[in-house]
Amino acid sequence: MRAQHIDFYTHDLSDEQEWQITRAVRDFNAAQRVVNIALRGPRKLRLYLDRVSWLDITATAEPEAPEITVTSHRHIDNWFTHARRARALMQIAEWPVVLPPEVSAAADVAPDAHILMSLTLATAMLLAGLEDRDILHGETRGCLFDICARKAHRALKLRCAFICRPCRARLSERGMSSVEVVAICSVLERVRLLSLGRDPQDTAPAGLGPGTSNGFQAVATAPRYVGESDGSRRITTAGSSLRSSL
Ligand SMILES: [Zn+2]
């Protein structure tokens with residue numbers, strides 16, 4: 001199966017936001033091999049009192065390949081993410097509203113989780129050919145498609161990061177393959193880890209299998225018993241000792 005490609009454009013990002021977006025694309029592509037997101041550089045959008053308009057994007061000609069635009073500005077209609085046919089728009093202006101310090105002790109990675117969630121949501125809607133209003137639901141379940149009208153609810157969505165049964169059925173009805181759904185869920189696994197302050201690993205940490213040793217095991221002194229008076233015995237090693245009740 002060939003990977004699908006999505007072009008990703010940026011609008012008015014700071015240097016720090018550029019790095020955040022680069023990390024999000026890296027995390028997205030590393031989590032699965034079904035969809036490849038390619039950064040295509042900056043584009044211009046018109047501002048209205050420092051906000052951007054989704055209608056401005058949909059008013060232009062439909063692109064040949066699916067594309068997502070990320071902006072540092074809020075949307076006029078206050079949404080986080082929009083999608084229709086081959087285009088999507090996401091904003092990264094409001095992550096502190098999503099995970100304020102009093103809610104998340106793992107705030108160092110909160111922006112990364114928030115950005116990766118929006119990127120995953122936009123991608124899922126593009127893959128299914130769904131318009132945002134066709135699938136986003138008002139009830140907060142922890143599902144990717146929670147609308148999160150109360151923006152603080154997005155913290156729950158980040159930590160649960162799953163696709164609920166009705167939404168899975170909706171994606172299937174629209175022709176999204178199970179392989180694509182699994183790919184989206186693989187990225188959501190990273191969202192969940194990042195929201196909890198954990199660092200997703202591309203490979204499992206090297207462990208100690210049967211019959212192997214990391215050196216310490218080969219040279220460590222085994223504990224030995226040296227006395228059994230007064231109902232307890234003393235366990236000692238070369239440098240320390242402790243008592244153990246029988
Ligand atoms: Zn759902």
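How many bridges join β1 to β2, and do they run parallel or antiparallel? I looked this up before anything else and found 7 bridges, with the two strands running parallel; strands here are DSSP runs of E with at least two residues, helices are runs of H or I with at least four, and both are numbered from the N terminus. Within this pair, T10 stands opposite P42 in β2.

I note that the model is predicted, that local features need pLDDT of at least 70 and side-chain atom pairs count only at pLDDT 80 or more, while totals for chains, interfaces and linings use all residues. Residues are numbered from 1 along each chain as its sequence is written.

**Sheet.** I then followed β1 and β2 into an open sheet of 5 strands, whose order is β2-β1-β3-β5-β4 with mixed pairing, two strands being paired if DSSP finds at least two bridges between them. Because β2 and β4 (81–84) stand at the edges with a single partner strand each, one side of each has no neighbour in the sheet. Neighbouring strands are turned against each other by 20 degrees on average, direction ignored, as judged from axes that are lines fitted to C-alpha atoms.

**Whole protein.** I counted 9 helices and 8 strands. Of the 246 residues, 33% are buried, meaning that 20 or more other C-beta atoms, placed from the backbone, lie within 10 Å of the residue's own, whereas 12 or fewer make a residue exposed and anything in between makes it partly exposed. Among contacts (C-beta atoms, placed from the backbone, within 7 Å) between residues at least 6 apart in sequence, 59% join residues at least 24 apart.

**Core.** The largest nonpolar core, a set of buried Ala, Val, Leu, Ile, Met, Phe, Trp, Tyr and Cys residues joined through C-beta atoms within 7 Å, has 51 residues, of which F28, A88, M90, L116, A122, M125 and V191 touch the most other members. Helix α4 (residues 110–128) supplies the largest share of this core, 13 residues. I checked A122 separately: leaving aside its neighbours within four places in sequence, A122 is in contact with I68, T81, A83, A88 and M90.

**Two loop residues.** I looked for positive phi values outside glycine and noted D12, with phi near 55 degrees, in the loop between β1 (4–11) and α1 (15–31). D12 counts as partly exposed because it has 16 C-beta neighbours inside 10 Å. L49, also not a glycine, has a positive phi of about 50 degrees and is found in the loop between β2 (35–42) and α2 (54–58). With 7 other C-beta atoms within 10 Å, L49 is exposed.

Definitions and conventions. Contact = placed C-beta atoms within 7 Å. Axes fitted to C-alpha atoms, helices over the stretch in contact; angles between N-to-C directions.
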